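This report describes one protein model, part by part. Look at the sequence and the structure before reading on.

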Amino acid sequence: MKYFTRLTTTALLLPAAIALLASGALAQEAASVSASTNDGVGASSEAAGSKFTQAPFEFGLFGGALILSKNHSVFRGTQTAFVAPSLEFGGRAAAYPLQFLGLELEGAGSPIHTKARTNTTDGWFVGRGHLIGQVPLNGWSLFALAGGGAMSIASNQNGSATAPEFHFGAGAKVAFNELIGLRLDVRDTMSKKLASTSLTNSPEVLLGLTFSARRSEHVVAAAPPSDQDKDGVNDERDMCPDQAGPAPDGCPDSDKDGIADNKDACPNEAGPGCGCPLKDRDGDHFVDELDKCPDQAGTVDGCPDTDPDRDGIVGDADKCPNQAETVNGFEDGDGCPDVVPEKVRKFTGVIQGIEFDRNGDHIRTGSTATLDNAVLILNEFPSLRIMISGHTDTDGVRDYNIDLSQRRAASVKAYLVSKGIADSRIETRGAGPDEPIADNKTKAGKQKNRRIEFKLLEGSTAPAAAPAPTK
(Lines give C-alpha, C1' and ligand atoms only; values in the text may rest on other atoms or scores of the structure.)
Protein backbone atom coordinates (compact mmCIF):
# COMPACT_ATOMS: atom_id res chain seq x y z
CA MET A 1 0.00 0.00 0.00
CA LYS A 2 2.86 2.46 0.82
CA TYR A 3 4.38 1.74 -2.60
CA PHE A 4 1.22 2.84 -4.43
CA THR A 5 0.63 5.84 -2.11
CA ARG A 6 4.13 7.23 -2.79
CA LEU A 7 3.84 6.53 -6.47
CA THR A 8 0.48 8.31 -6.69
CA THR A 9 1.66 11.38 -4.74
CA THR A 10 4.72 11.86 -6.91
CA ALA A 11 2.65 11.32 -10.04
CA LEU A 12 0.38 14.20 -9.01
CA LEU A 13 3.09 16.66 -7.91
CA LEU A 14 5.47 16.41 -10.85
CA PRO A 15 2.89 17.21 -13.58
CA ALA A 16 2.01 20.28 -11.51
CA ALA A 17 5.71 21.33 -11.60
CA ILE A 18 5.76 20.78 -15.36
CA ALA A 19 2.65 22.95 -15.72
CA LEU A 20 4.35 25.68 -13.69
CA LEU A 21 7.35 25.62 -16.01
CA ALA A 22 5.05 25.80 -19.01
CA SER A 23 3.21 28.82 -17.60
CA GLY A 24 6.57 30.51 -17.07
CA ALA A 25 7.43 29.97 -20.72
CA LEU A 26 4.10 31.46 -21.80
CA ALA A 27 4.63 34.47 -19.54
CA GLN A 28 8.09 35.04 -21.01
CA GLU A 29 6.67 34.89 -24.51
CA ALA A 30 3.92 37.37 -23.62
CA ALA A 31 6.47 39.77 -22.11
CA SER A 32 8.57 39.57 -25.25
CA VAL A 33 5.53 40.44 -27.38
CA SER A 34 4.65 43.35 -25.11
CA ALA A 35 8.20 44.74 -25.21
CA SER A 36 8.26 44.63 -28.99
CA THR A 37 5.01 46.58 -29.30
CA ASN A 38 6.07 49.35 -26.88
CA ASP A 39 8.61 50.89 -29.22
CA GLY A 40 9.43 54.48 -28.15
CA VAL A 41 9.14 55.90 -31.68
CA GLY A 42 6.40 55.04 -34.13
CA ALA A 43 8.36 52.54 -36.24
CA SER A 44 6.53 49.22 -36.38
CA SER A 45 7.93 46.27 -34.46
CA GLU A 46 9.42 43.58 -36.65
CA ALA A 47 8.44 40.54 -34.60
CA ALA A 48 7.70 39.33 -31.11
CA GLY A 49 7.92 36.05 -29.24
CA SER A 50 10.48 33.74 -27.66
CA LYS A 51 13.99 33.64 -29.03
CA PHE A 52 14.24 29.90 -28.18
CA THR A 53 13.26 27.55 -30.98
CA GLN A 54 12.47 23.94 -30.12
CA ALA A 55 12.44 21.38 -32.92
CA PRO A 56 9.26 19.24 -33.22
CA PHE A 57 11.44 16.13 -32.93
CA GLU A 58 14.64 15.58 -30.98
CA PHE A 59 17.01 12.62 -30.71
CA GLY A 60 19.89 11.98 -28.40
CA LEU A 61 22.66 9.74 -27.09
CA PHE A 62 23.78 9.82 -23.49
CA GLY A 63 25.99 8.25 -20.92
CA GLY A 64 26.22 8.58 -17.19
CA ALA A 65 26.39 7.05 -13.77
CA LEU A 66 23.79 4.73 -12.17
CA ILE A 67 23.74 4.05 -8.43
CA LEU A 68 21.58 0.92 -8.25
CA SER A 69 19.76 0.46 -4.95
CA LYS A 70 21.17 -2.17 -2.53
CA ASN A 71 17.61 -3.07 -1.51
CA HIS A 72 16.22 -3.83 -4.92
CA SER A 73 13.63 -6.61 -5.04
CA VAL A 74 15.79 -8.67 -7.41
CA PHE A 75 18.21 -9.63 -4.60
CA ARG A 76 18.15 -13.22 -3.32
CA GLY A 77 20.25 -15.54 -1.27
CA THR A 78 23.14 -13.70 0.32
CA GLN A 79 22.02 -10.41 -1.29
CA THR A 80 25.46 -9.48 -2.52
CA ALA A 81 25.31 -5.75 -3.35
CA PHE A 82 26.04 -4.41 -6.81
CA VAL A 83 29.10 -2.17 -7.21
CA ALA A 84 28.03 1.48 -7.50
CA PRO A 85 28.18 3.65 -9.40
CA SER A 86 27.98 1.81 -12.70
CA LEU A 87 28.36 3.26 -16.18
CA GLU A 88 25.11 3.73 -18.10
CA PHE A 89 24.55 4.23 -21.83
CA GLY A 90 21.42 4.83 -23.89
CA GLY A 91 19.47 6.72 -26.48
CA ARG A 92 16.28 8.76 -26.59
CA ALA A 93 13.71 10.24 -28.97
CA ALA A 94 11.24 13.02 -28.21
CA ALA A 95 8.34 14.79 -29.85
CA TYR A 96 7.39 18.40 -28.92
CA PRO A 97 3.88 19.39 -30.05
CA LEU A 98 4.50 22.60 -28.08
CA GLN A 99 7.90 24.17 -27.64
CA PHE A 100 7.55 24.00 -23.86
CA LEU A 101 5.95 20.56 -23.57
CA GLY A 102 6.87 17.18 -25.09
CA LEU A 103 6.85 13.39 -24.76
CA GLU A 104 10.10 11.41 -24.69
CA LEU A 105 11.04 7.70 -24.90
CA GLU A 106 14.35 6.27 -23.70
CA GLY A 107 16.22 2.98 -23.68
CA ALA A 108 19.36 2.40 -21.58
CA GLY A 109 21.58 -0.29 -20.17
CA SER A 110 24.41 -0.77 -17.70
CA PRO A 111 27.00 -3.60 -17.30
CA ILE A 112 26.55 -3.99 -13.54
CA HIS A 113 28.38 -6.55 -11.38
CA THR A 114 28.53 -7.60 -7.75
CA LYS A 115 31.37 -6.96 -5.36
CA ALA A 116 32.33 -10.64 -5.64
CA ARG A 117 32.82 -10.18 -9.42
CA THR A 118 31.92 -13.88 -9.95
CA ASN A 119 29.42 -13.13 -12.66
CA THR A 120 30.36 -11.50 -15.95
CA THR A 121 26.84 -11.49 -17.41
CA ASP A 122 25.16 -9.12 -14.97
CA GLY A 123 23.24 -6.28 -16.60
CA TRP A 124 20.65 -3.59 -15.99
CA PHE A 125 18.21 -2.52 -18.71
CA VAL A 126 15.37 -0.03 -18.80
CA GLY A 127 12.73 1.14 -21.25
CA ARG A 128 10.78 4.22 -20.20
CA GLY A 129 8.82 7.25 -21.26
CA HIS A 130 8.08 10.56 -19.62
CA LEU A 131 6.41 13.90 -20.00
CA ILE A 132 8.95 16.75 -20.25
CA GLY A 133 8.25 20.42 -19.64
CA GLN A 134 10.81 23.17 -20.30
CA VAL A 135 11.39 26.90 -20.04
CA PRO A 136 13.31 28.18 -23.09
CA LEU A 137 15.86 30.92 -22.29
CA ASN A 138 17.39 32.16 -25.57
CA GLY A 139 19.51 29.26 -26.72
CA TRP A 140 19.30 27.15 -23.58
CA SER A 141 16.52 25.83 -21.39
CA LEU A 142 15.67 24.37 -18.00
CA PHE A 143 13.42 21.33 -17.87
CA ALA A 144 11.69 18.90 -15.53
CA LEU A 145 10.36 15.45 -16.37
CA ALA A 146 8.34 12.61 -14.85
CA GLY A 147 7.31 9.25 -16.20
CA GLY A 148 7.52 5.49 -15.88
CA GLY A 149 8.54 2.25 -17.56
CA ALA A 150 10.04 -1.16 -16.88
CA MET A 151 13.51 -2.17 -15.85
CA SER A 152 15.19 -5.57 -15.85
CA ILE A 153 18.15 -6.91 -13.90
CA ALA A 154 19.95 -10.06 -14.99
CA SER A 155 22.34 -11.51 -12.38
CA ASN A 156 23.38 -15.08 -11.67
CA GLN A 157 24.50 -14.00 -8.22
CA ASN A 158 21.39 -12.18 -7.07
CA GLY A 159 18.70 -13.29 -9.43
CA SER A 160 16.87 -11.76 -12.38
CA ALA A 161 13.65 -9.83 -12.53
CA THR A 162 11.61 -7.25 -14.44
CA ALA A 163 9.76 -4.66 -12.45
CA PRO A 164 7.85 -1.42 -13.06
CA GLU A 165 9.69 1.79 -12.29
CA PHE A 166 8.73 5.42 -11.87
CA HIS A 167 11.24 8.23 -12.35
CA PHE A 168 11.48 12.00 -12.18
CA GLY A 169 14.22 14.56 -12.62
CA ALA A 170 15.39 17.94 -13.87
CA GLY A 171 18.18 19.37 -15.97
CA ALA A 172 19.35 21.85 -18.58
CA LYS A 173 19.94 21.92 -22.34
CA VAL A 174 22.31 24.17 -24.28
CA ALA A 175 22.12 24.49 -28.09
CA PHE A 176 25.53 24.77 -29.80
CA ASN A 177 23.89 25.51 -33.15
CA GLU A 178 20.74 24.60 -35.07
CA LEU A 179 21.59 20.87 -35.16
CA ILE A 180 23.39 19.85 -31.99
CA GLY A 181 23.33 20.61 -28.30
CA LEU A 182 24.35 19.36 -24.85
CA ARG A 183 21.96 18.01 -22.19
CA LEU A 184 22.42 17.25 -18.47
CA ASP A 185 19.89 15.19 -16.43
CA VAL A 186 19.76 14.46 -12.70
CA ARG A 187 17.12 11.78 -11.86
CA ASP A 188 15.80 9.41 -9.29
CA THR A 189 14.36 6.04 -10.38
CA MET A 190 12.00 4.37 -7.91
CA SER A 191 11.06 0.70 -7.88
CA LYS A 192 9.74 -1.88 -5.41
CA LYS A 193 11.92 -2.58 -2.41
CA LEU A 194 12.99 -6.09 -1.46
CA ALA A 195 10.40 -7.86 0.65
CA SER A 196 8.43 -4.63 1.17
CA THR A 197 5.58 -2.56 -0.26
CA SER A 198 7.65 0.62 -0.15
CA LEU A 199 9.93 2.05 -2.82
CA THR A 200 13.69 2.10 -3.15
CA ASN A 201 15.71 4.73 -5.00
CA SER A 202 18.36 4.46 -7.71
CA PRO A 203 19.83 7.89 -8.59
CA GLU A 204 21.20 8.69 -12.08
CA VAL A 205 23.34 11.49 -13.54
CA LEU A 206 23.24 11.65 -17.35
CA LEU A 207 25.17 13.75 -19.86
CA GLY A 208 24.43 13.53 -23.55
CA LEU A 209 24.17 15.11 -26.97
CA THR A 210 20.92 16.16 -28.61
CA PHE A 211 20.27 16.24 -32.35
CA SER A 212 17.43 18.17 -33.95
CA ALA A 213 16.46 20.50 -36.79
CA ARG A 214 15.36 23.76 -35.19
CA ARG A 215 11.95 25.04 -36.13
CA SER A 216 11.38 28.61 -37.29
CA GLU A 217 11.08 31.27 -34.61
CA HIS A 218 7.71 31.72 -33.04
CA VAL A 219 6.70 35.08 -34.52
CA VAL A 220 3.85 37.28 -33.41
CA ALA A 221 3.47 40.31 -35.63
CA ALA A 222 2.97 43.52 -33.68
CA ALA A 223 0.58 46.14 -34.98
CA PRO A 224 2.47 49.39 -35.68
CA PRO A 225 1.57 52.32 -33.40
CA SER A 226 -0.56 55.08 -34.88
CA ASP A 227 1.38 57.90 -36.60
CA GLN A 228 -1.03 60.22 -38.40
CA ASP A 229 1.55 62.69 -39.76
CA LYS A 230 4.05 59.95 -40.74
CA ASP A 231 6.97 61.70 -39.04
CA GLY A 232 8.23 58.60 -37.20
CA VAL A 233 6.99 59.77 -33.78
CA ASN A 234 3.92 57.79 -32.69
CA ASP A 235 0.80 59.72 -31.80
CA GLU A 236 1.04 58.89 -28.09
CA ARG A 237 4.29 60.89 -27.89
CA ASP A 238 3.71 63.36 -30.71
CA MET A 239 2.96 66.86 -29.39
CA CYS A 240 1.87 67.85 -32.93
CA PRO A 241 0.18 64.68 -34.28
CA ASP A 242 -1.20 66.51 -37.36
CA GLN A 243 2.10 68.22 -38.31
CA ALA A 244 5.22 66.33 -39.27
CA GLY A 245 8.28 67.16 -37.19
CA PRO A 246 11.46 65.59 -35.81
CA ALA A 247 11.85 63.59 -32.60
CA PRO A 248 11.48 63.82 -29.71
CA ASP A 249 8.21 65.80 -29.69
CA GLY A 250 7.26 65.50 -33.38
CA CYS A 251 6.61 69.22 -33.89
CA PRO A 252 7.90 71.17 -36.93
CA ASP A 253 10.89 73.54 -36.67
CA SER A 254 10.75 75.83 -39.70
CA ASP A 255 13.96 77.79 -38.99
CA LYS A 256 15.93 74.68 -37.90
CA ASP A 257 17.17 76.30 -34.69
CA GLY A 258 16.24 73.34 -32.51
CA ILE A 259 13.18 75.09 -31.02
CA ALA A 260 9.83 73.77 -32.24
CA ASP A 261 7.56 76.31 -33.93
CA ASN A 262 4.95 76.03 -31.19
CA LYS A 263 7.56 77.23 -28.66
CA ASP A 264 9.56 79.55 -30.95
CA ALA A 265 8.92 83.30 -30.60
CA CYS A 266 10.48 83.77 -34.07
CA PRO A 267 9.60 80.55 -35.97
CA ASN A 268 11.02 81.82 -39.27
CA GLU A 269 14.30 83.23 -37.88
CA ALA A 270 16.84 80.96 -36.25
CA GLY A 271 18.05 81.99 -32.84
CA PRO A 272 18.90 80.71 -29.35
CA GLY A 273 16.90 81.01 -26.15
CA CYS A 274 13.40 82.08 -27.15
CA GLY A 275 14.16 81.19 -30.77
CA CYS A 276 14.78 84.73 -32.01
CA PRO A 277 18.11 85.93 -33.48
CA LEU A 278 20.27 88.18 -31.33
CA LYS A 279 20.37 91.82 -32.56
CA ASP A 280 23.59 93.84 -32.98
CA ARG A 281 22.62 96.96 -34.88
CA ASP A 282 26.02 98.70 -34.55
CA GLY A 283 27.91 95.57 -35.66
CA ASP A 284 30.45 95.58 -32.82
CA HIS A 285 29.71 91.98 -31.77
CA PHE A 286 28.01 93.10 -28.56
CA VAL A 287 24.36 92.08 -28.77
CA ASP A 288 21.97 94.94 -28.16
CA GLU A 289 20.73 93.45 -24.89
CA LEU A 290 24.27 93.70 -23.45
CA ASP A 291 25.54 96.71 -25.45
CA LYS A 292 25.72 99.89 -23.35
CA CYS A 293 26.04 101.88 -26.59
CA PRO A 294 23.86 99.92 -29.06
CA ASP A 295 24.10 102.61 -31.75
CA GLN A 296 27.87 103.13 -31.49
CA ALA A 297 30.39 100.42 -32.26
CA GLY A 298 32.87 99.95 -29.47
CA THR A 299 35.11 97.56 -27.60
CA VAL A 300 34.34 98.47 -23.99
CA ASP A 301 30.92 97.03 -23.09
CA GLY A 302 29.96 97.89 -26.67
CA CYS A 303 30.95 101.56 -26.31
CA PRO A 304 33.81 103.42 -28.03
CA ASP A 305 37.07 103.31 -26.08
CA THR A 306 37.64 106.88 -24.84
CA ASP A 307 41.10 106.13 -23.46
CA PRO A 308 42.83 103.66 -25.77
CA ASP A 309 46.32 104.47 -24.44
CA ARG A 310 45.16 104.00 -20.82
CA ASP A 311 46.84 107.16 -19.53
CA GLY A 312 43.75 108.44 -17.73
CA ILE A 313 43.24 111.39 -20.13
CA VAL A 314 40.10 110.87 -22.19
CA GLY A 315 38.22 112.39 -25.07
CA ASP A 316 39.28 115.65 -26.71
CA ALA A 317 41.63 116.45 -23.82
CA ASP A 318 43.98 113.70 -25.03
CA LYS A 319 46.00 115.14 -27.90
CA CYS A 320 47.72 111.79 -28.43
CA PRO A 321 44.95 109.18 -27.87
CA ASN A 322 47.13 106.27 -28.98
CA GLN A 323 50.23 107.32 -27.02
CA ALA A 324 50.33 107.41 -23.23
CA GLU A 325 51.19 110.63 -21.42
CA THR A 326 54.61 110.85 -19.78
CA VAL A 327 53.86 111.97 -16.24
CA ASN A 328 56.82 114.19 -15.36
CA GLY A 329 55.26 117.48 -14.28
CA PHE A 330 55.65 119.01 -17.72
CA GLU A 331 52.44 119.41 -19.74
CA ASP A 332 50.99 116.34 -18.09
CA GLY A 333 47.43 117.26 -19.11
CA ASP A 334 47.80 117.02 -22.90
CA GLY A 335 47.97 113.19 -23.03
CA CYS A 336 51.19 113.09 -25.08
CA PRO A 337 54.58 111.62 -24.29
CA ASP A 338 57.23 114.29 -23.70
CA VAL A 339 60.51 115.14 -22.01
CA VAL A 340 61.27 118.09 -19.76
CA PRO A 341 63.05 120.82 -21.80
CA GLU A 342 66.61 121.53 -20.76
CA LYS A 343 65.85 125.10 -19.75
CA VAL A 344 63.14 123.81 -17.40
CA ARG A 345 65.42 121.10 -16.03
CA LYS A 346 67.82 123.84 -14.85
CA PHE A 347 65.12 125.07 -12.48
CA THR A 348 64.32 121.74 -10.90
CA GLY A 349 66.13 120.24 -7.96
CA VAL A 350 68.60 122.37 -5.96
CA ILE A 351 68.65 125.96 -7.29
CA GLN A 352 72.11 127.52 -7.32
CA GLY A 353 72.54 131.20 -6.48
CA ILE A 354 69.74 131.88 -3.96
CA GLU A 355 71.16 133.26 -0.65
CA PHE A 356 69.61 134.69 2.52
CA ASP A 357 70.79 136.81 5.44
CA ARG A 358 72.26 134.68 8.19
CA ASN A 359 69.49 133.16 10.37
CA GLY A 360 66.97 135.20 8.42
CA ASP A 361 64.55 134.91 5.48
CA HIS A 362 65.56 138.11 3.65
CA ILE A 363 66.83 137.33 0.10
CA ARG A 364 70.18 138.91 -0.64
CA THR A 365 70.46 141.21 -3.64
CA GLY A 366 72.81 138.84 -5.47
CA SER A 367 70.09 136.22 -5.73
CA THR A 368 67.70 138.28 -7.88
CA ALA A 369 69.35 137.29 -11.18
CA THR A 370 68.68 133.61 -10.50
CA LEU A 371 65.10 134.30 -9.44
CA ASP A 372 64.43 136.51 -12.47
CA ASN A 373 65.58 133.69 -14.75
CA ALA A 374 63.10 131.41 -12.96
CA VAL A 375 60.37 133.99 -13.66
CA LEU A 376 61.25 133.86 -17.37
CA ILE A 377 60.94 130.07 -17.47
CA LEU A 378 57.63 130.09 -15.60
CA ASN A 379 56.26 132.69 -18.01
CA GLU A 380 57.47 130.73 -21.04
CA PHE A 381 55.79 127.53 -19.78
CA PRO A 382 52.58 128.68 -18.12
CA SER A 383 51.41 125.11 -17.45
CA LEU A 384 54.25 124.50 -14.99
CA ARG A 385 53.48 124.29 -11.30
CA ILE A 386 56.28 124.04 -8.74
CA MET A 387 56.92 123.16 -5.13
CA ILE A 388 59.54 125.35 -3.36
CA SER A 389 61.23 123.56 -0.44
CA GLY A 390 63.52 125.17 2.12
CA HIS A 391 66.28 123.12 3.89
CA THR A 392 68.82 123.81 6.70
CA ASP A 393 71.69 122.01 8.37
CA THR A 394 71.46 120.50 11.86
CA ASP A 395 72.95 123.44 13.76
CA GLY A 396 70.53 124.92 16.28
CA VAL A 397 67.10 123.83 17.45
CA ARG A 398 65.11 121.68 14.99
CA ASP A 399 61.80 123.53 15.36
CA TYR A 400 63.57 126.83 14.75
CA ASN A 401 65.23 125.41 11.62
CA ILE A 402 61.92 124.08 10.26
CA ASP A 403 60.32 127.49 10.76
CA LEU A 404 63.30 129.21 9.18
CA SER A 405 63.23 126.92 6.12
CA GLN A 406 59.49 127.51 5.68
CA ARG A 407 59.93 131.31 5.87
CA ARG A 408 62.76 131.21 3.31
CA ALA A 409 60.64 129.13 0.87
CA ALA A 410 57.77 131.62 1.37
CA SER A 411 60.15 134.53 0.64
CA VAL A 412 61.12 132.95 -2.72
CA LYS A 413 57.48 132.45 -3.60
CA ALA A 414 56.66 136.03 -2.65
CA TYR A 415 59.39 137.30 -4.99
CA LEU A 416 58.09 135.20 -7.92
CA VAL A 417 54.51 136.27 -7.33
CA SER A 418 55.67 139.91 -7.18
CA LYS A 419 57.02 139.41 -10.70
CA GLY A 420 53.62 138.29 -12.02
CA ILE A 421 53.61 134.50 -11.44
CA ALA A 422 50.20 133.27 -10.26
CA ASP A 423 50.09 132.34 -6.60
CA SER A 424 48.20 129.10 -7.44
CA ARG A 425 51.15 127.80 -9.44
CA ILE A 426 53.48 127.72 -6.43
CA GLU A 427 53.41 125.69 -3.21
CA THR A 428 55.94 125.88 -0.38
CA ARG A 429 57.22 123.70 2.45
CA GLY A 430 59.88 123.83 5.11
CA ALA A 431 61.88 120.61 5.61
CA GLY A 432 64.36 122.03 8.09
CA PRO A 433 67.25 119.64 8.80
CA ASP A 434 65.21 116.47 8.11
CA GLU A 435 66.26 115.84 4.48
CA PRO A 436 70.06 116.26 4.29
CA ILE A 437 71.92 115.55 1.08
CA ALA A 438 75.40 115.68 2.66
CA ASP A 439 77.19 114.97 5.97
CA ASN A 440 76.30 117.56 8.63
CA LYS A 441 79.54 116.81 10.51
CA THR A 442 81.62 118.78 8.01
CA LYS A 443 81.53 122.40 7.05
CA ALA A 444 81.19 121.53 3.35
CA GLY A 445 78.39 119.11 4.09
CA LYS A 446 76.48 121.67 6.11
CA GLN A 447 76.87 124.15 3.25
CA LYS A 448 75.25 121.72 0.84
CA ASN A 449 72.37 120.98 3.19
CA ARG A 450 71.46 124.72 3.41
CA ARG A 451 69.54 125.03 0.14
CA ILE A 452 66.37 125.88 -1.83
CA GLU A 453 64.83 123.24 -4.14
CA PHE A 454 62.29 123.57 -6.95
CA LYS A 455 60.21 120.52 -7.83
CA LEU A 456 57.78 120.17 -10.73
CA LEU A 457 54.46 119.07 -9.39
CA GLU A 458 52.72 115.91 -10.67
CA GLY A 459 55.93 113.85 -10.81
CA SER A 460 59.02 115.74 -11.92
CA THR A 461 61.87 113.56 -13.12
CA ALA A 462 64.41 116.31 -13.42
CA PRO A 463 67.77 115.49 -11.82
CA ALA A 464 68.88 117.42 -8.79
CA ALA A 465 71.49 120.12 -9.22
CA ALA A 466 74.35 120.93 -6.88
CA PRO A 467 73.25 122.69 -3.68
CA ALA A 468 73.86 126.41 -3.19
CA PRO A 469 74.82 128.07 0.12
CA THR A 470 72.02 129.88 1.94
CA LYS A 471 73.64 131.23 5.14
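## The open sheet

G390 stands opposite I452 in β12. The model is predicted: local features need pLDDT of at least 70, side-chain atom pairs count only at pLDDT 80 or more, and totals for chains, interfaces and linings use all residues. Residues are numbered from 1 along each chain as its sequence is written, and side-chain values use heavy atoms, with hydrogens and water left out.

Strand β10 (residues 386-391) pairs with β12 in the antiparallel sense, over 6 bridges. Two strands are said to pair if DSSP finds at least two bridges between them. Helices (H or I, at least four residues) and strands (E, at least two) are DSSP runs, numbered from the N terminus.

The pairing of β10 with β12 belongs to an open sheet of 4 strands, in the order β9-β12-β10-β11, with mixed pairing. At its edges are β9 (349-350) and β11 (426-432), each of which pairs on one side only. Helix α4 (residues 398-418) packs on this sheet and touches β10, β11 and β12. The direction of α4 makes about 155 degrees with that of β11. Axes here are lines fitted to C-alpha atoms, for helices over the stretch in contact, and angles run from 0 to 180 degrees between N-to-C directions. Contact means heavy atoms within 4.5 Å.

## The barrel

A second set of strands is closed. In the order β1-β2-β3-β4-β5-β6-β7-β8, 8 strands form a closed barrel with antiparallel pairing. From one strand to the next, the twist averages 25 degrees.

The table lists some of the pairs in the barrel, each with a pair of residues that stand opposite each other.

| Strand pair | Bridges | Opposite residues |
|---|---|---|
| β1 (residues 57-66) and β2 (residues 86-98) | 10 bridges | L66 and S86 in β2 |
| β2 and β3 | 8 bridges | G91 and G107 in β3 |
| β3 (residues 101-110) and β4 (residues 123-136) | 10 bridges | G107 and G127 in β4 |
| β1 and β8 (residues 199-211) | 8 bridges | F62 and G208 in β8 |

G107 appears in two rows: G107 stands opposite G91 and also opposite G127 in β4. Between β1 and β2 there is a further partner to note, as E58 has A94 in β2 as its bridge partner. How many residues does the hairpin that joins β2 to β3 run through? The hairpin runs through 2 residues.

## A cavity

The structure holds 2 cavities of 30 Å³ or more. On a 1 Å grid over the protein atoms alone, a cavity is a set of points where a 1.4 Å probe fits but cannot get out, and lining residues have an atom within 4 Å of a point. Grid points are joined across faces, edges and corners, and a volume is the space filled by probe spheres set on the points.

The second largest cavity has a volume of about 50 Å³. Its lining is made up of V344, F347, A374, I377, L378, L384, I386, F454 and L456. At least two lining residues come from each of α3 (368-380) and β12 (451-456). The largest share, 3 residues, is that of α3.

Which classes of residue line the second largest cavity? The lining has 9 nonpolar residues, no polar and no charged ones. Ala, Val, Leu, Ile, Met, Phe, Trp, Tyr, Cys and Pro count as nonpolar, Asp, Glu, Lys and Arg as charged, and the others, Gly among them, as polar.

## Two loop residues

N359 is found in the loop between β9 and α3. Phi of N359 is near 60 degrees, a positive value in a residue other than glycine. Most residues other than glycine have a negative phi. N359 is partly exposed, with a relative accessible area of 41%. Buried means under 20% relative accessible area, exposed over 50%, and partly exposed in between (1.4 Å probe, protein chains only).

K441 lies in the loop between β11 and α5 (443-449). Is K441 buried or exposed? K441 is exposed, with a relative accessible area of 77%. K441 and T394 are 47 residues apart in sequence, and their C-alpha atoms are 9.0 Å apart in space.

## The whole protein

The protein has 5 helices and 12 strands. Of its 471 residues, 42% are buried. Among contacts with a separation of 6 or more, 55% are between residues 24 or more positions apart.

Definitions and conventions: 1 Å grid on protein atoms, 1.4 Å probe; cavity = no way out; pocket = protein on both sides within 12 Å on 5 of 7 lines; lining within 4 Å.
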